[in-house]
Every structure is written in C-alpha cells, then in structure tokens.
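Hi everyone, thanks for making time this morning. I'd like to walk you through one structure, so have a look at the screen and then we'll go through it together.

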Amino acid sequence: MSGQDNQELLHSPLNGSCSNKIEGAERIENSAIVQNGTADDISDPMCSSSSPLQLHFEDITSAAFKVKSAILITPCMKSHLSELTGMDVFLKKDFLQYTGSFKERGACYALIMLSDQQRRKGVISASLGNHALALSYHGHKLNIPVTVVMPVVAPIMKIRACRQHGASVVVQGKDMGEAKKIAMQLSKERDLIYINGYDHPHIMAGQGTLGLEIADQVNDVDAVIVPVGGGGLIAGVALAIKTLHPKTTVIGVESERCASFSRALKAGKPVYTPIESTLADGLAVPMVGYNAFATAAPLIDKMVVVEEKWIAIAILRLVELEKCVVEGAGAAGLAAILAGHLDELKGKRVVLPLCGGNIDTTILGRCLDRGLACDGRLLKFSVTVSDRPGGIAELCRLMASIGVSIKDIMHERAWIQSDIFSVEVKVVCETQDIEHASILKRILCENYKTVIFGEIPSPVLLGAEDVSTNLI
Ligand SMILES: Cc1ncc(COP(=O)(O)O)c(C=O)c1O
C-alpha cells in the first residue's frame, strides 16, 4: 500500500477490548455541530485528494488471511440465467453473508486492524446501509463501539438492523454527501476513527477478498461485472482479478441516476455528481473515493450505466429464475446484461457478484410489480362497456376465456360523456407474457370501441423482436 502518512494507521496492532456502548440517536441529533453540518474543512487522513493511496495485491491477501474465520466463503455457481443471457453466467452469492452483503469483508478487516486505543474509543462512519450494518455487526462481535450516520433515504430495514446490532444510529442528511459531513464532524467532536465505507484502504483490501474467491472458484473467467458506488468494491476486486488473471475483463456498472464513477473517469478525478433516488440505493454515492479511483481507474476495462427499469427486471429475474432476493445494487450487473449493454460477452464465461440482498419488503414488492409491468405481464387498461346488466360480467368472461387474471377492477359513470348507458371500467390484470398481452389487446379491440392501454413495453426492449407482429 503506498502513502507514507498512513503507514502507522494501516499497520496497527490487533488487540484491544472495550464495552460496546449503545447511545441514543437523539442525543447525537441534538448536537449543535451536527445540526449546522459544518464539516467541509474536516479531512479524512485515510482518504486524501492530494495523496491518494493505491492498494497493493498483498493488502488483499493479508485481509483474506485475517478475516477468514469471520467471513463466509460464499458460493459462486453456474446460473439458470445462462440460457436467457446467452452467456455462461456464474453468480457469486455474497448476499449470503450474515448481514446480507459483501461489506462485511472490508468492515471486519478495518475493525481488526485498529489499535487497542482506537478500539476502546470506537469508530464512526456514514453509510446508506450495508457498510453500516457490517460495521455494526462486526463491531458488536469485536466489542468495539460503532456509530453510524445514515441519510434519511437509507432503507428502513437497514436502519433498524443496525440498531439491533447495538450501534448508535444517527439518521440525518439528505444523501450520502451530507451524512458523511455529519459523521466527519462527529468523529472530530468525539475523537472516533472515521472508517470510510468505500475508500479506506482496509475496506478496499477486504472487498478484494471477493475477487480472490472468484479467481479460486471459477476457471477461465472472461469477465467480472461489478456494481460501483463509491468504488471500493471494484478497486479491490479489479486488483485481485487483474493480478491473478490479467486477461479477465473487469466491467463496472452504475445506475444512470448516480453515475459518479463514469463522470470521474471523464474528468480524470473524482468529481461531485448530483444523484437522484434509485432502486440501487447502495450505489447512490455522489463522489467516488480518491483511493478507490486511483486503484480502480487503471484496471477497469469498461463502465456501463443502466436504467432503473432494467434493475427492476433484473431483481424479478433473480427471484423467479434463481430464487435469490437481491437488492437493486446487487442486481445491477445482471441489469446491464439484460439491457443489452454487454452483448460482446455472449458465449463468454461471466461472473456477477450478487453483492447485497438487503431490500425493504415493500420496495421488493414494487420492484417485482415494475418488472412484471416492463415484461408486459402486469397490464393496466380502461375500456368503455355497456352499463346494462351483465356488461361488466361479459368483459370479465372475455378475459377469463383467454386465461387473463384480473388483479383490480373499478368502474365509473359520472365522467363518461358520450353515452349515458356506458360505463368506463379500469382494469389491472396479469398475463403470461407479452404475447399473451397482445392477444388480450386484440380481443378487447375487436369487442369494444374504446380501449385505452397503459404503455405496453416495446418488444425490442424485451429482446423479443418477433413478438411485434402480434401487437395491435
Ligand atoms: C449491494 C451493494 N453493491 C455494491 C456496492 C458498491 O460498493 P462500493 O461503494 O464499494 O463501490 C454497494 C455499496 O454500498 C452495495 O451496498
């Protein structure tokens, strides 16, 4: 690991113990300093813009040795998605770690590497959830007090789980940028070590162990597709993979709503990127890490940006075909393939780290519905039918006759202008696939004068050009 100033911190002794104190969030939230959020001038000595650290392969092997009793070696298996994608897809199931994500690798290593004194004082970090969870869990196990600042957009289940692991949780800041400022200020105020969740060198080294495992588990890997938030995961994985197998392609994936690594590559350095809410909440980092960028940028072969709808479809495919519940960030790699951004990998051996499974149940439900809608399997339409007795029953019979299932139905009379004996019926229904949807559309149009469908996805978007002939 390069960077003189940080050597002492990086190679500190392992021992130390203290009580894992649970502090109320309220006390911290009432701090005047936190409310003012004036932490612009506080810099993190481990993550400096002027002297970024480049990780070394040996840092990753040291991490692998030190975390091996605390971290699962997760399976990396040939997937059922191979047929759908035309690639030999292997899924690295890191969502099976105890707290549901790869973040345990780095968090555990960073905590193990603290000095006795640092362990006694405790650590602080800002996180959208997975790093906070990992730090809380391993902090509890190692008896190290942990404080996490989570922005208000962090998923509720992640916030709750951090509290359950005994961490002191501060929910403040509109995004990761603000949460980080607050955490930096608190670290100064309370003399806590700040552990950046993607840019601290020990974090990157820990994440790199996932790359070591991939190299060990799958032969002749052509490409690894890595979701990118702050860049720590791809930095570690790219270094491990490129060192062991220089010919393997490393591809980064971001959501279009927070493409901060792509922007950094264009600018030649980390730059602030405005972010919007995304299904891949774990990737919503407005500025990638300096160390992560310095380490990963020379090793990445390609960056891809995916649209939200593909993330929803990827989540749905993983549930249906693999029986895996994966959060948006973890599904981003598959989303990039399904979106057709990586067609050059057809016929190749491709590894997708499914790096997180922490998704709120309600969000999962919405993702599945959106995915079904994008697939043309969940449809919305309105149709004007006769208001005579049996008019609506006839519509229901027609739909039942072709096996379409009604999820929701409502009718209204007052706003119909044309015919006093007509009623407008609004229906949400389920079909088997886009072809089935087009049959429904044809039959309705043959039987009723006014039929208005919500958007039916274009068949090209679904990778099924031949279906287009069936659409009306
Ligand atoms: C599930 C998941 N995947 C990928 C990432 C991206 O990791 P990094 O921020 O190190 O780029 C995150 C970050 O939190 C994540 O939670």
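**Around the ligand**

Let's begin with the shell of residues around the ligand: nine of them are nonpolar, 10 are polar and one is charged. Please keep in mind that this is a predicted model. In total, 20 residues surround the ligand, and the closest are Gly229, Gly232, Gly282, Ala329 and Gly356.

Which helices supply at least two residues each to that shell? They are α8, spanning 130-142, α12, spanning 232-244, and α16, spanning 328-338. The largest share comes from α12, which brings three residues.

**Over to the sheet**

Now please scroll along to an open sheet of four strands. Reading across, the order is β12-β13-β11-β14, and the pairing is antiparallel. Why is one side of β12 and of β14 left without a neighbour in the sheet? Both strands, β12 at 405-412 and β14 at 451-453, stand at the edges and have a single partner strand each, so nothing in the sheet flanks their other side. On average, neighbouring strands here are turned by 20° against each other, if we ignore direction.

Let's zoom in on one pair. β12 and β13, the latter covering residues 422-430, are joined in the antiparallel sense over seven bridges. If you want a spot to click on, Ile409 stands opposite Val427 in β13.

Finally, there is a helix to add to this picture. Helix α18, residues 391-401, lies across β11 (378-386), β12 and β13. Its direction is about 140° to β11.

That's my tour, and I'm happy to go back to any view you like.

Methods: Residues are numbered from 1 along each chain as its sequence is written. This is a predicted model: local features need pLDDT of at least 70, side-chain atom pairs count only at pLDDT 80 or more; totals for chains, interfaces and linings use all residues. Two strands pair if DSSP finds at least two bridges between them. Axes are lines fitted to C-alpha atoms, for helices over the stretch in contact, and angles run from 0 to 180 degrees between N-to-C directions. Two residues are in contact if their C-beta atoms, placed from the backbone, lie within 7 Å. A residue is near a molecule or strand if its C-beta atom, placed from the backbone, lies within 6 Å of it. Ala, Val, Leu, Ile, Met, Phe, Trp, Tyr, Cys and Pro count as nonpolar, Asp, Glu, Lys and Arg as charged, and the others, Gly among them, as polar.
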